[in-house]
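Got the viewer open? Let's take a short walk through this model, one selection at a time.

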Amino acid sequence: MRKALVIAIAVAALATILQAQGRGGRGGRGNDNPGRGDGRETTNQAGVLTDNGGVRYINPGSPTVPEAEINSHPIPRMPDGHVDLTGPWVGGGSNGDIERDGGLKAGELPLQPWAKELRDKRLAKDEPYTSCLPMSVPRVNPYPWKFAYEYQSTGLTHIYVLHETGDAGAHRVVYMDGRPHPRNWVNNWWGHSIGRWEGDTLVIDTVGYNDKFWFDSRGTPHTEQLHTVERWTRTSWGRIENDFTLEDPGTLTRPVKLHFTGRLLRPDREGKADLMEFICLEDNEYGRAAQIEVGKGTDGRK
Amino acid sequence: MRKFGILVAALSIIAIATPVLAHHGFDTEYDASKHVKLEGVVTMVTWTNPHMRVYIDVKDKDGKVTNWNMELTSPNTIRRQGWGPDDLKSGDAVIFEGFAGKVVESRGSLQTIMKKSDMKPLFGPGGPDAAQPVKQ
């Protein structure tokens, strides 16, 4: 029994260390759910998943290419010479706490007082994402996502961002045909995104968001003045970096730069890495174990 | 059985050591102080979104049967670790651990589950159809 206790303590210590590594470093995404391959998958020595970012149920996370193989292939290119950013990727945005996930220290996100107050009073049960509403930018959860290039006779015209879940089935469109942001736009969940290349970096400029989604499960808010600029660079075969500029004069006292890292989804046994079907509303029983009504993040506007 | 004892001890300590960060609102629904370890017979395994569930009939000492509804993560996540419908079926006798619901206690969050026939933990990394390491 003494031996069992020693082993148990050793395993617990290992798991705690691994988790601490996952939360702290990474110069980017701090949280769970997603991550993977960067030390956030905490499994015990018996090979059983025990914890993934603190969520206490079996949750092995989306497998990613191990660190040792991050440079095992050249960065691929499309036939037209553009860098291939397809993925699928895991991580690369916020999830649990945009401030921490984006590489800032606690309190560094320059929220205006009202926004900080709103964030602090929001309840986890009201998180819109848990009611199958879109996560929007820059949030990604533990599930994989990808860039999908659309080529027409004129060349690359659109890039779609497809996320396996959290988006109620929606796809995000990035216009690559040179069009400007429109006037008289109806603000919506994904806003209006236009993209361009700066060398091998895909720059996505987005405006026209609604204010209904949360940046994270902590409840960090924004307004319809939100303007985001993502700079996506595939720095190796297995890694993609997102240098992210967040501007929202309605919520922040100044624009802020964040940084997130995504990892390539590990191929399956057939060597394929694909998104899978996910229908969030299929069997969503969220809240029933506590007999609560979830609020859909409406801050009282049910 | 001794190995199982070690495993349970390890899991319990890890659970205490790790803070809760809700992805899908663990704290909202489940009670971390209501740790359960039970035996029963699987009545249904639902590979549905957003999270899969395992339903288990558990008989108490008086013979009363309660059907536990235990939540896991997304079926896609479990599939990517190499697990599928053949690995746990209705009628399988199991030992499982988890945390009970805050109000409806038999709605729980599943922490670990294994069939009594082989005592191998299910649904973690490294299932029978798990991917091979990426070739260099």
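Start by colouring chain A by confidence: its mean pLDDT is 81, and 78% of its residues reach 70 or more. Keep in mind as you go that this is a predicted model. Now select residues 4-56 of chain A, where the pLDDT is below 50. Beyond near neighbours in sequence, that stretch still has 159 contacts in the model.

Next, switch chain A to cartoon view. You'll find 3 helices and 11 strands. Walking from the N terminus, the order is α-β-β-β-α-α-β-β-β-β-β-β-β-β.

How much of chain A counts as buried? Of its 302 residues, 47% do. As for contacts in chain A between residues at least 6 apart in sequence, 61% of them join residues at least 24 apart.

Time to look inside. Select A:Leu85, A:Trp89, A:Val174 and A:Leu265: within the largest nonpolar core, which has 30 residues, these touch the most other members. Then add some strands of chain A: strand 3 (89-91), strand 4 (145-152), strand 5 (155-163) and strand 8 (201-207) each supply at least two residues of this core.

Zoom in on A:Val174. Which residues is A:Val174 in contact with, leaving aside neighbours within four places in sequence? Light up A:His158, A:Ile159 and A:Val161, then A:Ser193, A:Gly195 and A:Ile204, and you have them.

For the last stop, bring chain B into view. Apart from the core you just visited lies another one, of 18 residues. Select A:Ile58 together with B:Ile56, B:Trp83 and B:Phe123, which are among its members.

Notes: Residues are numbered from 1 along each chain as its sequence is written. Chains are lettered from A and ligands numbered from 1 in the order in which they are written. This is a predicted model: local features need pLDDT of at least 70, side-chain atom pairs count only at pLDDT 80 or more; totals for chains, interfaces and linings use all residues. A nonpolar core is a set of buried Ala, Val, Leu, Ile, Met, Phe, Trp, Tyr and Cys residues joined through C-beta atoms within 7 Å. A residue is buried if 20 or more other C-beta atoms lie within 10 Å of its own, exposed if 12 or fewer, and partly exposed in between; C-beta atoms are placed from the backbone. Helices (H or I, at least four residues) and strands (E, at least two) are DSSP runs, numbered from the N terminus. Two residues are in contact if their C-beta atoms, placed from the backbone, lie within 7 Å. pLDDT is the predictor's confidence in each residue, from 0 to 100.
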